[in-house]
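This text walks through a structure in running paragraphs. It takes up one residue, then some strand pairings, then the cavities.

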Amino acid sequence: MKASVIGLVGALALWAPRAWAEGPQPEVPGAGDAAGSGDAAGPSDGVVVVIPEVEPTHLQVLVEVGGGTLIAYDAADETGNAFGGLLGVRFDQWEVLFGGAVALPDSRIQGRFGTLWAEGRYLPMGSSHLVTPHVALGAGMSLQDAFTGSDTGFIPARWSTGTNLLGMVAVGARFGEQRGLYLGLDARAWNLTQLGLSVVVGCAFL
């Protein structure tokens, strides 16, 4: 019996240190990541993938309506008015628009005539500023006026007695955000015979 007790005590003495050594160990932060099995690299491997953000370029639709004053260089007393609109698109710093208007020489309806034209605009500062200057070139035609004789013998100012080609250069500025409503002002020279000062309200979609 004494020998059995001595043997049991000896076995416990040999087992206790081993159990203590193999017991629960404190966790070391990051030890689990370092002991990985070589799988695909993840954030813990210190690899950072940066994807640059690219600002998308959108094609925008433009609609403008407005009017202005037309001044004949050689007949300032015949100053008239015009009312019309344009429809076009904007891409980056460029705009292409198609327009039409009715012009009233001497601000009278007797000599009224229609005009059709296309114009291209360049925006040197882009379209993302609150104030956006632009220059423009255009070409089109003026139609025959709607002149009819009068019993009183009055002869109104007539600027377009037939179909004529039009050329146009302009400089102006737009006030407003890149999308939504804006106000445009510009000065235009038509065929080097008339000066046009116009105001338009426009809207940029998309």
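Two residues are in contact when they have heavy atoms within 4.5 Å of each other. The model is predicted, and every value below is computed from it.

Gly120 is a convenient place to begin. This glycine is found in strand E4, which spans residues 113–122. Leaving aside neighbours within four places in sequence, Gly120 is in contact with Glu95, Val135, Ala136 and Leu137. Gly138 is 18 residues away from Gly120 along the chain, yet the C-alpha atoms of the two are separated by 6.3 Å. Is Gly120 buried or exposed? Gly120 falls in between: its relative accessible area is 31%, and residues count as buried under 20% and as exposed over 50%, so Gly120 is partly exposed.

The strand pairings come next. Strand E1 covers residues 60–72 and strand E2 covers residues 75–91; they pair in the antiparallel sense over twelve bridges. The two strands form a hairpin, with two residues between them. To find the register in the model, start from Thr69, whose bridge partner in E2 is Asn81. E1 also pairs with strand E8, residues 194–205, in the antiparallel sense and over twelve bridges. For that pairing, Gly67 can serve as a marker, with Val199 as its bridge partner in E8.

The remaining topic is internal space. How many cavities of 30 Å³ or more does a search of the whole structure find? The search finds two.

The largest cavity has a volume of about 50 Å³. Its lining consists of Glu64, Arg121, His134, Ala173, Arg174, Tyr182, Gly184, Leu185, Asp186 and Val200. Which strand gives the most to this lining? Strand E7 does, with four residues. Strand E6 (164–176) and strand E7 (180–190) each supply at least two residues of the lining. Sorted by class, the lining of the largest cavity has four nonpolar, two polar and four charged residues.

The second largest cavity has a volume of about 40 Å³. Arg90, Ser127, His129, Thr132, Arg174, Gly176, Glu177 and Gln178 line this cavity. Arg174 is thus worth locating in the model, being listed for the largest cavity and for the second largest cavity. By class, the lining of the second largest cavity has no nonpolar residues, five polar and three charged, whereas the lining of the largest cavity includes four nonpolar residues.

Key
Residues are numbered from 1 along each chain as its sequence is written. This is a predicted model: local features need pLDDT of at least 70, side-chain atom pairs count only at pLDDT 80 or more; totals for chains, interfaces and linings use all residues. Side-chain values use heavy atoms; hydrogens and water are left out. On a 1 Å grid over the protein atoms alone, a cavity is a set of points where a 1.4 Å probe fits but cannot get out, and a pocket is an open set with protein on both sides within 12 Å along at least five of seven lines; lining residues have an atom within 4 Å of a point. Grid points are joined across faces, edges and corners, and a volume is the space filled by probe spheres set on the points. Ala, Val, Leu, Ile, Met, Phe, Trp, Tyr, Cys and Pro count as nonpolar, Asp, Glu, Lys and Arg as charged, and the others, Gly among them, as polar. Two strands pair if DSSP finds at least two bridges between them. Buried means under 20% relative accessible area, exposed over 50%, partly exposed in between (1.4 Å probe, protein chains only).
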